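Student: Please take a close look at a single residue in this model, and then at the parts of the structure around it. I should like one connected account.

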Amino acid sequence: MALLSFLFNSKPKTAIAAKERLQVIIARERNGFDGPDFLPALHKELIAVISKYAKVNADDIKISLDRQGNLEVLDVNVVLPDVVPGS
Amino acid sequence: MARIIVVTSGKGGVGKTTSSASFASGLAMRGHKTVVIDFDVGLRNLDLIMGCERRVVYDLINVINNEAGLNQTLIKDKHCDNLFVLPASQTRDKDALSEEGVERVLTELGKMGFEYIVCDSPAGIEHGAVMALTFADEAIIVTNPEVSSVRDSDRILGIIQAKSRRAQNGGEPVKEHLLVTRYVPKRVDAGEMLSYTDVQEILRIPLIGIIPESESVLHASNQGNPAIHIEGSDVSYAYQDVVGRFLGEDLPLRFTHYEKPGLLQRIFRGK
């Protein structure tokens, strides 16, 4: 493999990664650094609501804000605890 | 009224002073009476790039503090009769750069008949950089096709849009131009470097030119000649194009495409 890459002089195409990373970070910074300031409050309330129905820890809920093109995507990821059979 | 242009970038080492020197020289070569001011108090280098370091007697802070007049302080360029350099102070504290003082100096330069005032900004987003952009009518944002430079350029654009006089007075905004420097078409083609269209897409401001990476820039600074004077070099043509576009000419981009050398070229290449 090393010989092949030597022969064809193939270097990784990293410019695409640079562009994508820049688009994300600059979109975030233009929106006033750490994103909208309701995120921490939203996080707390989500925990409260979900805790009514399932046993979750604060760490089991992950919230992130990303930008894809012109869309802002709010990603909420909740890991529900394994249900122990018979309990 | 003189037109004030700030050359800025946020990040250091991207080519602000090189670009200020060549841009101001290019304006003067086109017959416009031009002055280029070094705002980097404490770390002046425009004098070295312009090759007038041994003729510095007074500086910008002396003028602001009324210790010297502009006529005594301005240094006439060795190449162009209608180009003058206003050096920064090497010793004083940069807080000496007061907003009132800078405004007064710029107004006086306008009264002296200068058509263009080019402000070479220091790196960073501190006081000196803010003073350089405060009174600008137009801004040239110098950016390398590299992540940290692009991010810092975006940051400095935000500062122009918040802190410049034009922004604060709510009038016509500062006219922004993107200047991509140290561009290597070969690496862009290979997918290793951001293309100028990538940079433009991210920063969303109009492109005024592309300066290719070139050995002549170091030769130029070694000798104290602005790179635009290195005859026959790509960099010289690229800066002349920048000046032309700034003055309203519609010029196609050059030095943005890599042509693969043919077999014979590859065999006979080398020095």
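Tutor: In this predicted model, B:Lys163 has a relative accessible area of 43% and is therefore partly exposed. B:Lys163 lies in helix 7 of chain B. Leaving out residues up to four places away in sequence, B:Lys163 touches B:Val130, B:Thr134 and B:Gln168. Although B:Val130 is 33 residues from B:Lys163 along the chain, the C-alpha atoms of the two are separated by 7.4 Å.

B:Val130 and B:Thr134 lead to helix 6 of chain B, where both are among the buried residues. The other buried residues of this helix are B:Gly128, B:Ala129, B:Met131, B:Ala132 and B:Leu133. Helix 6 of chain B spans residues 127-134, and because 7 of its 8 residues are buried, it is largely enclosed by the rest of the structure. The cover over these buried residues includes helix 7 and helix 8 (165-169) of chain B, together with helix 5 (99-111), strand 1 (3-8) and strand 5 (116-120).

Helix 7 of chain B, residues 147-163, also contributes to the largest nonpolar core. Of the 52 residues in that core, those that touch the most other members are B:Val35, B:Ile37, B:Phe39, B:Leu86, B:Leu97, B:Leu109 and B:Ile117. Helix 7 of chain B supplies the largest share of this core, with 5 residues. The surroundings of B:Ile37 can be given in detail: setting aside neighbours within four places in sequence, B:Ile37 is in contact with B:Leu46, B:Leu60, B:Leu86, B:Leu106, B:Leu109, B:Ile117, B:Val118, B:Cys119 and B:Asp120. A second core, separate from the largest one, has 35 residues, including B:Ala24, B:Ala220, B:Ile228 and B:Ile230.

A charged residue may be set beside B:Lys163. B:Asp47, in helix 2 (residues 46-50) of chain B, counts as buried because its relative accessibility is 6%, the cut-off for burial being under 20%. Apart from residues up to four places away in sequence, B:Asp47 touches B:Cys52, B:Glu53 and B:Val56.

Two helix pairs complete the account. Two packed helices are described by the angle between their axes and the distance between the axes. Within chain B, helix 1 (residues 16-29) packs against helix 12 (residues 234-246) at an angle of about 60°, with the axes 9 Å apart. These two helices of chain B, helix 1 and helix 12, are therefore oblique to each other, and their crossing is right-handed. Helix 1 of chain B makes the contact through B:Thr18, B:Ser19, B:Ser22, B:Phe23, B:Gly26 and B:Leu27, and helix 12 of chain B through B:Tyr239, B:Val242, B:Val243 and B:Phe246. The residues of this contact comprise 6 nonpolar, 4 polar and no charged.

The other pair joins the two chains. The axes of helix 2 (residues 15-30) of chain A and helix 10 (residues 196-203) of chain B cross at roughly 15° and come within 10 Å, which makes the two helices roughly parallel. The crossing of helix 2 of chain A with helix 10 of chain B is right-handed. The contact is formed by A:Lys19, A:Leu22, A:Gln23, A:Ile26 and A:Arg30 from chain A and by B:Asp198, B:Glu201, B:Ile202 and B:Leu203 from chain B. In this contact, 4 residues are nonpolar, 1 is polar and 4 are charged.

Definitions and conventions
Residues are numbered from 1 along each chain as its sequence is written. Chains are lettered from A and ligands numbered from 1 in the order in which they are written. This is a predicted model: local features need pLDDT of at least 70, side-chain atom pairs count only at pLDDT 80 or more; totals for chains, interfaces and linings use all residues. Side-chain values use heavy atoms; hydrogens and water are left out. Axes are lines fitted to C-alpha atoms, for helices over the stretch in contact, and angles run from 0 to 180 degrees between N-to-C directions. Helices (H or I, at least four residues) and strands (E, at least two) are DSSP runs, numbered from the N terminus. Angles under 35 degrees count as roughly parallel, over 145 as roughly antiparallel, 65 to 115 as roughly perpendicular and the rest as oblique. A crossing is left-handed if the near helix is turned anticlockwise from the far one by less than a right angle, and right-handed if clockwise. Contact means heavy atoms within 4.5 Å. Ala, Val, Leu, Ile, Met, Phe, Trp, Tyr, Cys and Pro count as nonpolar, Asp, Glu, Lys and Arg as charged, and the others, Gly among them, as polar. Buried means under 20% relative accessible area, exposed over 50%, partly exposed in between (1.4 Å probe, protein chains only). A nonpolar core is a set of buried Ala, Val, Leu, Ile, Met, Phe, Trp, Tyr and Cys residues joined through side-chain atoms within 4.5 Å.
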